[in-house]
Every structure is written in C-alpha cells, then in structure tokens.
Amino acid sequence: MKIATIEEFIREYTRAVSEGYAAVFAGAGLSRSSGYVSWKELVRPLAKDIGLNVDKEDDLIAVAQYYKNVRGNRSGINSKILNEFNKEVEINENVEIITRLPISTYWTTNYDDLIEKGLELNDRKADIKMTQQSLADNIYDRDAVVYKMHGDSKLPAQAVLTKDDYEIYENERPLFRTVLQGDLVSKTFVFIGFSFEDPNLNYVLGQIRVLLKESTRDHYCFFEKVKQEKGEIQEDFLYRKAKQKLRIEDLQRYGIQAITLDSYSEITNLLSEIENGYLRKNIFISGSASIFSEPWTKEKCESLAYLLSKELVCKNYKVISGFGLGIGSSVVNGALEEIMSSKFKHIDEHLSLRPFPQTINGLIPKEDKWKKYRTDMISQSGIAIFMFGNKLKDENPEIARGVLDEYEIAKKNNVALIPIGSTGWAAREIFNEVSQNISDYPYLEEHIDILSKSNDQTQLINTILKIIDSLQVF
C-alpha cells in the first residue's frame with residue numbers, strides 16, 4: 001500500500017478544517033513538550049515500587065494493574081495522576097495551533113487540561129465531556145467539544161489506567177465508544193502524540209472496519225522514522241525499521257494514513273501550513289477612497305470593489321472588510337449580490353464585516369482600540385488586498401494612515417499581500433515597498449506590471465484571482 005505524503009495530508013486536512021469536518025485525537029505526546037510526563041514515565045515509579053523495571057515492559061496497562069493488585073487499592077495511582085497532571089505548565093505551540101483552528105471536535109486520552117486551556121486562550125468556549133452522563137448535556141454557545149475518554153486528573157479515581165478499568169469500560173462508558181465511532185465515520189481525524197496502543201480505540205477502529213469494510217474514511221497520524229541508535233547493531237536497527245513498516249501498513253487497514261517524519265518537531269510546521277491554508281480562504285480587503293480622479297472615477301472605484309468582492313464570493317472565498325470609506329459599501333454589495341443569487345451560499349460563510357466605531361467611549365484610547373480591532377480582523381485572514389487608501393483631512397487630501405497600519409499588521413502576521421499599485425495612494429506606497437522586496441513575494445513576480453499599471457478592472461480582477469488561486473492548498 002502507498003504511504004500518504006505530507007502534501008496529501010496538508011491538502012486533505014486543510015480541506016477538512018475549511019469545510020468543517022476536521023477532528024483531533026490527542027495522546028500523551030501532545031502534552032510532553034509542555035512538561036507533562038509520558039505514560040511510561042507516569043508508570044515508572046509505580047513499577048519500581050513493585051520490583052519491575054518499566055524499560056523492560058511493553059504492556060504498561062498490565063504494570064498499572066500489577067501495582068493495584070499488590071497494593072490492594074489504587075490510591076497510589078490516583079495520587080500519581082493528581083500530582084503529575086495538575087502542575088502549572090505553559091501551553092505548547094501545537095496545542096495553540098490546533099485550538100486556534102475552527103475545529104469543533106477534540107478527543108483525548110490525556111488527563112491534563114491543555115486542550116481546554118488552549119481553547120480558552122483562543123476565546124473559544126469548550127464543552128468538556130468527562131463522564132458518560134455529561135454526554136447528554138450541551139453547554140450553550142459552545143465552540144468545541146472535548147471528549148476526555150480516559151477521564152481527567154481532577155477525578156483521578158475515575159481515570160482509565162489499569163486492566164480493570166479497560167475491562168469494565170464497555171459497561172461503564174459505552175456511549176463514549178459509540179460517539180467516537182460516529183465521529184470516526186463522519187470526520188477526518190489527525191492523531192497527534194498517540195501511540196495506537198489503547199485498547200478502546202483499537203476496538204472502535206476494528207468495529208468501523210467491520211461495518212464499512214473498504215469504505216472507511218482516511219485519517220492521519222505521525223510516525224518518526226526509525227533511526228539507528230548509538231551502539232545499536234545493524235540487525236536490531238533493521239528489525240525495528242521493518243516492524244515500523246508493518247505497523248504503518250496495519251494502520252492503513254483502518255484508514256489511518258501515517259505521515260513519516262524525520263523528527264516529531266516537524267509537526268508544528270505542518271500544523272502551521274494547515275492553518276495558513278485554511279486562512280487563505282479568507283480574503284481581507286483593505287482600502288478607502290474619498291478623493292476621485294481619472295482614471296479612477298467614483299463609479300469606477302466602486303465598480304472595482306463591487307466586482308472583486310462578487311468574484312471572490314463566487315469562487316467560494318470569504319471576504320473580510322473593515323468597511324473602508326468609499327469602497328466598503330461596494331464590497332458588501334458585491335458579496336451580497338453573489339450570496340443572494342446562489343443557492344446554498346450563506347452570509348456568515350462568505351462575508352465578515354467589521355466596521356470601525358466612529359464614536360469612542362470608555363477608558364481605552366481610540367488608537368489602541370482601533371489597533372486591537374485591526375489586528376483581530378486581519379488575524380482571521382490569510383490574504384490581504386490593498387486598493388486606493390486616501391482620505392480628506394480638514395478638506396485636504398492625504399494617504400489613509402489606517403490602510404498603511406493594516407499593511408504593517410498583515411505583513412507582521414505573514415499574510416500574503418496583494419497591493420493594487422495602479423489605484424494609487426496608500427496602495428501605491430505598499431506596492432512600491434513590496435516590489436522593492438519582490439523576492440519575498442514570489443507569487444507576485446509574474447503579475448507585478450499589471451498591478452502597477454493596469455486600470456482595466458477585468459484585467460486586474462482576473463490577475464488577482466489568479467494570484468489567490470496560486471496560493472491555495474486545495
């Protein structure tokens with residue numbers, strides 16, 4: 001069987017995020033860079049207490065059970081979970097990215113609360129499912145559901161760790177398996193930091209395979225390529241390498257495509273590429289126009305904004321606008337025209353309007369409030385188009401400082417920039433700076449003359465659409 005490529009993973013998972021059917025399954029590996037212990041390190045002191053060396057053991061669930069058998073209870077296990085996973089730690093970058101993306105389903109076998117904290121950091125409300133009873137309740141206005149199928153460190157006595165826990169799982173929490181089964185059928189998962197040694201997940205995957213046979217959905221996981229360790233003989237290295245290959249092929253039976261990496265540290269870049277790919281479906285239009293002159297008359301200026309916005313929505317992009325003077329209304333009009341004349345297009349999916357408050361009350365100065373407002377608006381986009389950018393101040397024409405501010409924010413956020421220099425004013429200033437550093441913007445090289453000189457609306461719009469299409473992952 002063919003192993004999935006990194007390009008395929010980025011393309012297909014970005015599509016899943018953009019179209020709303022992406023999900024995450026997080027294992028202990030996701031939390032380790034924040035300072036939490038691995039499963040093996042969690043069990044190590046328990047194993048030592050009963051005379052075992054955890055480095056010689058493959059079945060850690062059995063080790064936890066042996067500890068419970070010897071001690072006659074699980075208070076030592078509970079104490080270990082409580083102390084190890086209630087430490088104050090920093091959220092790692094991978095958690096930040098996956099909780100920033102508009103993913104609504106998170107499954108985890110971890111006892112820690114990193115995903116919940118990541119969602120809160122990104123101003124997203126989480127509905128946390130720790131017990132079977134909680135599956136029946138919904139939190140109003142939730143942004144995501146976090147399924148903690150092995151419990152939570154705050155309830156260590158209910159955490160799933162020993163063989164006893166796994167054996168009674170089907171009786172105690174059957175609905176978790178049922179819900180997970182449904183999500184694995186209908187959503188595309190990426191497994192992060194998960195070893196695929198969990199009996200619960202293996203059971204669910206097996207059931208899905210039996211039910212759907214060859215029609216199981218593709219999911220993705222990461223494997224670090226086996227490397228020869230210092231002092232390791234060639235025979236042992238080749239054995240481990242062959243074993244990994246067999247394991248990857250076995251996972252494919254369940255539709256899980258393994259992405260092989262030189263290092264797990266590469267995962268952060270892959271997640272960043274997915275985030276960029278998702279954001280590049282969202283196009284921010286920056287500009288304002290209060291002064292009109294040939295060749296950009298008021299009618300032609302409004303027409304460019306209208307037609308560009310309409311074509312972007314027609315191509316299924318989302319238009320984000322701060323409702324700039326002179327063009328904002330045309331941007332909205334163009335987007336609405338396309339949305340209302342197309343079946344199955346909805347306003348929220350294709351248009352985000354963020355008009356600036358003109359009367360400022362409260363304690364936050366206007367400049368600070370507008371900067372934060374701009375930063376938040378641009379953080380939701382992956383491509384920014386700049387046009388015109390002028391205003392009247394005391395009846396004198398001048399470049400709109402706000403458009404230049406938006407350019408600086410977009411550049412800082414690594415947003416792809418498309419300045420229409422031929423419209424003049426702030427857009428011309430931005431264009432000049434971009435063209436002087438054109439090696440940083442290779443996607444513009446082929447089109448730089450048109451963006452600089454053309455006053456033909458159709459030519460400009462077709463060129464911009466071509467640039468935007470070239471920046472897409474799918």
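1. Which residues in α14 meet which residues in α21? From α14 come Lys 300, Ser 303, Leu 304, Leu 307, Leu 308, Glu 311 and Leu 312. From α21 come Gln 457, Ile 461, Ile 464, Leu 465 and Ile 468. By class, this contact holds eight nonpolar, two polar and two charged residues. Please keep in mind throughout that the model is predicted.

2. Now the geometry of that pair. Helix α14 covers residues 298-314, and helix α21 covers residues 457-470. Their axes come within 10 Å. They cross at roughly 35 degrees. The crossing of α14 and α21 is right-handed.

3. A second helix pair is worth a look. Helix α18 spans residues 401-412, and helix α19 spans residues 425-436. Their axes come within 9 Å and cross at roughly 35 degrees. The crossing of α18 and α19 is right-handed. On the α18 side, the contact uses Val 403, Leu 404, Tyr 407 and Lys 411. On the α19 side, it uses Ala 426, Glu 429, Ile 430, Glu 433 and Val 434. The classes here are six nonpolar, no polar and three charged residues.

4. Next, the sheet of seven strands. This sheet is open, and its pairing is parallel. Its order reads β3-β4-β2-β1-β5-β6-β7. Which strands are at the edges? They are β3 (126-129) and β7 (256-261), and each pairs on one side only. Neighbouring strands are turned by 20 degrees against each other on average, direction ignored.

5. Look inside this sheet at β5 and β6. Strand β5 takes in residues 188-192, and strand β6 takes in residues 219-224. The two pair in the parallel sense over two bridges. Tyr 220 in β6 has Val 190 opposite. Helix α12 (residues 234-252) packs on the sheet and touches β6 and β7. The direction of α12 makes about 175 degrees with that of β6.

6. There is also an open sheet of five strands, with parallel pairing. Its order is β10-β9-β8-β11-β14. Why does one side of β10 and of β14 lack a neighbour in the sheet? Both β10 (351-353) and β14 (416-419) stand at the edges with a single partner strand each, so one side of each is left without a neighbour. The twist averages 20 degrees from one strand to the next.

7. Within this sheet, β8 and β9 run parallel and are joined by four bridges. Asn 282 has Lys 318 in β9 as its bridge partner. Helix α19, already seen with α18, also packs on the sheet. There α19 touches β11 (383-388) and β14. Its direction makes about 125 degrees with that of β11.

8. Two loops that adjoin α14 deserve a check of the backbone. Most residues other than glycine have a negative phi, and most peptide bonds are trans. The peptide bond from Glu 294 to Pro 295 is cis, with omega near 0 degrees. Pro 295 is in the loop between β8 (282-288) and α14. Asn 316 has a positive phi, near 70 degrees, and is not glycine. Asn 316 belongs to the loop between α14 and β9.

9. On to the open space. The second largest pocket has a volume of about 1,500 Å³. Its lining counts 43 residues. Which of them lie nearest the centre? They are Pro 102, Tyr 278, Leu 279, Asn 282 and Gln 380. Asn 282 is the residue that bridges to Lys 318. By class, the lining has twelve nonpolar, 15 polar and 16 charged residues.

10. Several elements share in that lining. At least two residues each come from α1 (6-19), α6 (93-100), α13 (266-279), β9 (318-321), α16 (347-350) and α17 (366-378). The largest share, five residues, is from α13.

11. Last, the enclosed space. How many cavities of 30 Å³ or more does a search of the whole structure find? The search finds one. The largest cavity has a volume of about 50 Å³. Its lining consists of Leu 184, Leu 205, Ile 208, Arg 209, Leu 212, Thr 216, Arg 217, His 219 and Tyr 254. Helix α11 (residues 199-212) gives the largest share, four residues. The lining has five nonpolar, two polar and two charged residues.

Conventions: Residues numbered from 1 in each chain as written. Predicted model: local features only at pLDDT ≥ 70, side-chain atom pairs only at ≥ 80, totals over all residues. Heavy atoms only, no water. 1 Å grid on protein atoms, 1.4 Å probe; cavity = no way out; pocket = protein on both sides within 12 Å on 5 of 7 lines; lining within 4 Å. Points joined across faces, edges and corners; volume = space filled by probe spheres on them. Nonpolar A, V, L, I, M, F, W, Y, C, P; charged D, E, K, R; others polar. Axes fitted to C-alpha atoms, helices over the stretch in contact; angles between N-to-C directions. Left-handed = near helix turned anticlockwise from the far one by under 90°. Contact = heavy atoms within 4.5 Å. Pairing = 2+ DSSP bridges.
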